[in-house]
Amino acid sequence: MVARVWSLMRFLIKGSVAGGAVYLVYDQELLGPSDKSQAALQKAGEVVPPAMYQFSQYVCQQTGLQIPQFFLPISFSQLPAPPKIYFPIRDSWNAGIMTVMSALSVAPSKAREYSKEGWEYVKARTK
């Protein structure tokens, strides 16, 4: 009985995480225009590091554990600024889509060509 309840709980937790991810993608319009995707990526880059630091402080308070000093940031203002990276998502996305569609469009002719070569090879070996 416990095993069934545990497997049901695991299924519900995994389903909740997957549903939350789908909702987040839909809500932030990550599959929409690339400028909104880039804005969401920049927002995540600004929000995630302080949130991780706060979460680690919370865990330390709740568990009584101490994080060694070299893991704790001195101050966010004393850290060097992260490098600015411009990565045009739209260009990469379009190039990827074009490559995949090109491969799909030549797949039937390539399959026919390879099967013909294979058939010729088998015929040559059986003689």
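# A tour of three helices

Begin by selecting Ile-13, which you will find in helix H1. Ile-13 counts as exposed because its relative accessibility is 52%, above the 50% cut-off for that class. Keep in mind from the outset that this is a predicted model.

**The whole chain.** Zoom out and colour by confidence: the mean pLDDT of the chain is 80, with 85% of its residues at 70 or more. Helix H1, residues 2–27, has the highest confidence, at a mean of 89, whereas helix H2, residues 34–63, has the lowest, at 80. Where pLDDT is low, predicted coordinates should not be read in detail. In cartoon view, you should see 3 helices and 0 strands, in the order α-α-α from the N terminus. Switching to a surface view shows an accessible area of about 11800 Å², 67% of it belonging to carbon and sulfur atoms, and of the 127 residues just 4% count as buried.

**Helix H1 and its patch.** Next, select H1 and set a distance between its first and last C-alpha atoms: the 26 residues reach 37 Å, close to the 38 Å expected at 1.5 Å a residue. Now add Met-1, Val-5, Trp-6, Leu-8, Met-9, Phe-11, Leu-12 and Val-17 to Ile-13, and you have a nonpolar surface patch of about 1000 Å². Moving along the chain to the residue just after H1, select Glu-29, where phi is positive, at about 55°.

**Helix H2.** Which residues of H2 are buried? Select Ser-34, Ser-37, Ala-40, Ser-56 and Cys-60 to display them. The end C-alpha atoms of H2 are 42 Å apart, and this agrees with the 44 Å that its 30 residues should span at 1.5 Å a residue. Where in H2 does a kink lie? Centre the view on Val-47, where the kink is about 30°, and then show the proline Pro-49, which comes shortly after Val-47. Beyond the end of H2, pick Gly-64, which follows the helix and has a positive phi, near 80°.

**Helix H3 and the salt bridge.** Finally, select helix H3, residues 89–126, and within it show the side chains of Lys-123 and Glu-120, which lie 3 residues apart, about one turn of the helix. An α-helix has 3.6 residues a turn, so residues three or four places apart point the same way. The two side chains, of Lys-123 and Glu-120, meet in a salt bridge with an N to O distance of 3.8 Å, and the structure holds 1 salt bridge. Are these two residues buried, exposed or partly exposed? Lys-123 is partly exposed, because its relative accessible area is 34%, and Glu-120 is also partly exposed, because its relative accessible area is 43%; the class covers values between 20% and 50%.

Note on methods. Residues are numbered from 1 along each chain as its sequence is written. Side-chain values use heavy atoms; hydrogens and water are left out. pLDDT is the predictor's confidence in each residue, from 0 to 100. Helices (H or I, at least four residues) and strands (E, at least two) are DSSP runs, numbered from the N terminus. Buried means under 20% relative accessible area, exposed over 50%, partly exposed in between (1.4 Å probe, protein chains only). Accessible areas come from the Shrake-Rupley method with a 1.4 Å probe; for residues, only the protein chains shown count as cover. Patches are made of residues with over 30% relative accessible area and no salt bridge: like charges are joined within 9 Å, nonpolar side chains (Val, Leu, Ile, Met, Phe, Trp, Tyr) within 5 Å. A salt bridge is a side-chain nitrogen of Lys or Arg within 4 Å of a carboxyl oxygen of Asp or Glu. The expected span of a helix is 1.5 Å times one less than its number of residues. The bend at a residue is the angle between axes fitted to the seven residues ending there and the seven starting there.
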